[in-house]
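User: Hi, I am new to this structure. Could you walk me through it?

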Amino acid sequence: ALQAEWDPIYCLPDDNLAVLEDAGFKKLKASIVQELEKSWCSKEKIELLMDLINVTKPQVCVDIGTCTGSSVLPVAAVLKMNRRGKVFAVDVWSNEVATRNLDQDDPNRAWWSKVDMKAVLTTFRNMTKKFGFELVCTEMQMSSLDAARQLSQIDFLQLDGDYSEKGSVADVEQLLPQVKKGGYILLSNLFTMVKGKAPKMKAFSLLFDSCEMICEIERDNAVLFRKK
């Protein structure tokens, strides 16, 4: 049944939920929440990511649209704690690629065309060094299409890359086949509106057709699916 907000008791298998009560895990979660207080990654998303990774113990996690790495940090922190699994951080860190599918009058184009991508990439790399994620986090500076050709048997996939309809649909079409049956997919910024429309709705529909919706967070702006 669809849960309107994240609650591991209702959203995850109950055979491993006891790990969420571990004092070390709770301390780690509190520290990550504090670290990301002013980032794009909300407390709600941090809790979902860390609970999900700790309970399901994935081997292969993929983050599409890594940017500064705020959504990689919660995942990598739990992987490191459990000494199990890797997260592949996928981003081109390129203004040209970030805007190639956006219309000239799309406000997202104006934003992404001016972002200092070298500084963004440096921020991500500094984060991985600060937290000692070298063994659990692999940087993949390439398109999602190129990454899809190299990745398989994905247990958890974060989709927060291309904001256009064309790009977000391509991400689902290229990467969903690489996700294991029973694997999880988190689609973010679902209702980022452009000229009165939500470009990611078609990508959402593709996921809805082949996956089970688990929960919605961030006022329905991010949806967690499990592949059937």
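Analyst: A good place to begin is helix H4, which is mostly covered, with eight of its eleven residues buried, where buried means under 20% relative accessible area, exposed over 50%, and partly exposed in between, for a 1.4 Å probe and protein chains only. Helices (H or I, at least four residues) and strands (E, at least two) are DSSP runs numbered from the N terminus. Please keep in mind that this is a predicted model, in which local features need pLDDT of at least 70 and side-chain atom pairs count only at pLDDT 80 or more, while totals for chains, interfaces and linings use all residues. Residues are numbered from 1 along each chain as its sequence is written, and side-chain values use heavy atoms, with hydrogens and water left out.

User: Which residues of H4 are the buried ones?

Analyst: They are Val72, Leu73, Pro74, Val75, Ala76, Ala77, Val78 and Leu79. The helix is followed by Arg83, whose phi is positive, near 50 degrees.

User: Where else is phi positive in a residue that is not a glycine?

Analyst: Lys57, in the loop between H3 and strand E1 (60–64), has a positive phi of about 50 degrees. Gln153, in the loop between helix H8 (144–150) and strand E4 (154–159), has one of about 55 degrees, and Gln153 is partly exposed at 49% relative accessible area.

User: Back to the inside, then. Which residues touch the most other members of the largest nonpolar core?

Analyst: Among its 48 residues, those are Trp6, Leu48, Phe156 and Leu224; such a core is a set of buried Ala, Val, Leu, Ile, Met, Phe, Trp, Tyr and Cys residues joined through side-chain atoms within 4.5 Å. The elements that each supply at least two residues of this core include helix H2 (23–35), helix H3 (43–56), H4 (72–82) and helix H7 (117–130), and also strands such as E5 (179–187) and E7 (222–227). There is also a second, separate core of 28 residues, which includes Val62, Met140, Leu176 and Val223.

User: What does Trp6 contact away from its sequence neighbours?

Analyst: Leaving aside neighbours within four places in sequence, Trp6 is in contact (heavy atoms within 4.5 Å) with Cys11, Leu12, Glu47, Leu48, Asp51, Leu52, Cys215, Glu216, Ile217 and Leu224.

User: Two cysteines in that list, I see. How many disulfides does the whole structure have?

Analyst: A search of the whole structure finds zero, a disulfide being a pair of cysteine sulfur atoms within 2.5 Å.

User: Why are Cys11 and Cys215 not bonded?

Analyst: The sulfur of Cys11 has its closest cysteine sulfur in Cys215, and because the two are 4.3 Å apart, they are too far for a bond. Both residues are covered: Cys11 is buried at 4% relative accessible area, and Cys215 is buried at 1%.

User: Changing topic, how many cavities of 30 Å³ or more are there?

Analyst: There is one, and about 40 Å³ of space lies in the largest cavity. Its lining is made of Leu159, Asp160, Gly161, Asp162, Ser168, Asp171, Leu187 and Lys200. On a 1 Å grid over the protein atoms alone, a cavity is a set of points where a 1.4 Å probe fits but cannot get out, a pocket is an open set with protein on both sides within 12 Å along at least five of seven lines, and lining residues have an atom within 4 Å of a point. Grid points are joined across faces, edges and corners, and a volume is the space filled by probe spheres set on the points.

User: And what is the volume of the second largest pocket?

Analyst: That pocket has a volume of about 230 Å³, and its lining residues include Asn101, Asp106, Tyr163, Glu165, Lys195 and Pro199.

User: One more thing, where is Phe131, and what does Phe131 touch?

Analyst: Phe131 lies in the loop between H7 and E3 and counts as partly exposed, at 21% relative accessibility. Not counting residues up to four places away in sequence, Phe131 touches Glu35, Leu73 and Lys80. The C-alpha atoms of Phe131 and Leu73 are separated by 8.7 Å, although the two residues are 58 apart along the chain.

User: What about Met142, where is that?

Analyst: Met142 is found in the loop between strand E3 (137–140) and H8. Beyond its neighbours within four places in sequence, Met142 is in contact with Val90, Asp91, Val92, Ala147 and Gln150. Met142 and Trp93 are 49 residues apart in sequence and 8.3 Å apart in space, C-alpha to C-alpha.
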